[in-house]
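Student: May I request a close look at a single part of this model, together with its surroundings? I should like to learn how that part is joined to its neighbours.

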Amino acid sequence: MSSNYLLGSVFLILILTLMLVWLSMFLLHMRDFLTGDVPFISTRKRVVSQVIDALQLSESSILYDLGCGNGSILEHAVTKIKGVRGIGIENGIIPFLLAKIYTRKLSIEVIRDNFFKTNISPATHIYVYLFTDVLGKLAPKILQECKKGTRVVSCDYEISDWVPIKIIDTTKKGDKLARKLYVYEI
Ligand SMILES: C[S@@+](CC[C@H](N)C(=O)[O-])C[C@H]1O[C@@H](n2cnc3c(N)ncnc32)[C@H](O)[C@@H]1O
């Protein structure tokens, strides 16, 4: 009787441990599924025009927003400059769905993917609003896949080891975000 009880307790502990491990893995997966590894924060509305100007798009441009959030930068770009094609790569399910809805009537393709795994070679222009460590990992991919002359604009975070051709000050008193735009050409 007591050995049965011991066996039952061990079995129960094992089952509970397995359930706990499964639950932690599920929650971690859900966090990535919902948000991605950089939180979804849209570029401040007050700097959107400056971003579009900094990109220097023309009617044949192909603009990639890597981690496009709700697609607002792409929406402004294709609306402002006729002929521009926008490609948004977004892995967070909520921003992805928002981007799909907001951009559905425009010349914008929104792809739900990890931008580290996506082919970005067609880009003539790239916009990023990502953390420095993510940009550090993305930089070699951009250099390897994209054409010479591809223009890259980064909001708030510098790409380490790259020298910007321009830094645009977008500081606004009382706003800790959208303080600088770093413009690069590879
Ligand atoms: C700070 S938000 C910027 C959103 C948009 N670019 C804008 O400026 O309004 C960063 C976005 O990148 C997405 N993201 C982060 N890592 C990603 C990855 N590896 N692949 C695709 N999207 C990613 C996040 O889900 C988030 O929506």
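Tutor: The account below takes strand 4 as its part, then follows the surroundings outward.

The model is a predicted one, in which local features need pLDDT of at least 70 and side-chain atom pairs count only at pLDDT 80 or more, whereas totals for chains, interfaces and linings use all residues. Residues are numbered from 1 along each chain as its sequence is written.

Strand 4 covers residues 125-128; helices (H or I, at least four residues) and strands (E, at least two) are DSSP runs, numbered from the N terminus. His 125 and Tyr 127 point one way from strand 4, and Ile 126 and Val 128 point the other way. In a regular strand, side chains alternate between the two faces of the sheet. The four residues are all buried, where buried means 20 or more other C-beta atoms within 10 Å of a residue's own, exposed means 12 or fewer, and partly exposed lies in between, with C-beta atoms placed from the backbone.

Strand 4 has strand 1 as a parallel partner, joined to strand 4 by four bridges; two strands pair if DSSP finds at least two bridges between them. Four bridges also join strand 4 to strand 5, again in parallel. His 125 takes part in both arrangements: Leu 63 stands opposite His 125, and His 125 stands opposite Arg 151 in strand 5.

These strands belong to an open sheet of seven strands with mixed pairing, in the order 3-2-1-4-5-7-6. Strand 3 (108-112) and strand 6 (166-169) stand at the edges, and because each has a single partner strand, one side of each is left without a neighbour in the sheet. Neighbouring strands of this sheet are turned by 15° against each other on average, direction ignored, the axes being lines fitted to C-alpha atoms.

Next come the helices that meet the strands. The buried residues of helix 5 pack against strand 4, and also against strand 1 (62-66) and strand 5 (151-155); such packing rests on contacts, in which two C-beta atoms, placed from the backbone, lie within 7 Å. Leu 135, Leu 138 and Ile 142 are buried in helix 5. Residues three or four places apart in an α-helix point the same way, because there are 3.6 residues a turn. Helix 5 (residues 132-145) has 14 residues and spans 20 Å from its first C-alpha to its last. That span is close to the 20 Å expected at 1.5 Å a residue, the expected span being 1.5 Å times one less than the number of residues. A kink of about 30° lies at Leu 138, shortly before the proline Pro 140; the bend at a residue is the angle between axes fitted to the seven residues ending there and the seven starting there.

Helix 3 meets strand 4 as well. The buried residues of helix 3 pack against helix 2, strand 1, strand 2 (85-90), helix 4 (93-102), strand 3 and strand 4. Among the buried residues of helix 3 are Ile 73, Leu 74 and Val 78. Ser 72 is in helix 3, whose residues are 72-80. Ser 72 counts as buried because it has 20 C-beta neighbours inside 10 Å. Apart from neighbours within four places in sequence, Ser 72 is in contact with Ser 42, Thr 43 and Val 48.

Beyond strand 5, the chain enters the loop between strand 5 and strand 6, where Asp 156 lies. Asp 156 has a positive phi of about 70° although it is not a glycine, and it is buried because 21 other C-beta atoms lie within 10 Å. Pro 164 is found in the loop between strand 5 and strand 6 too. With 17 other C-beta atoms within 10 Å, Pro 164 is partly exposed. Pro 164 is in contact with Tyr 182, Val 183 and Tyr 184, leaving aside its neighbours within four places in sequence. Pro 164 and Tyr 182 are 18 residues apart in sequence, yet their C-alpha atoms are 6.0 Å apart in space.

At this end of the sheet, strand 6 pairs with strand 7 (residues 180-185) in the antiparallel sense over four bridges. Tyr 182 in strand 7 has Ile 167 standing opposite.

Technical notes. Axes are lines fitted to C-alpha atoms, for helices over the stretch in contact, and angles run from 0 to 180 degrees between N-to-C directions.
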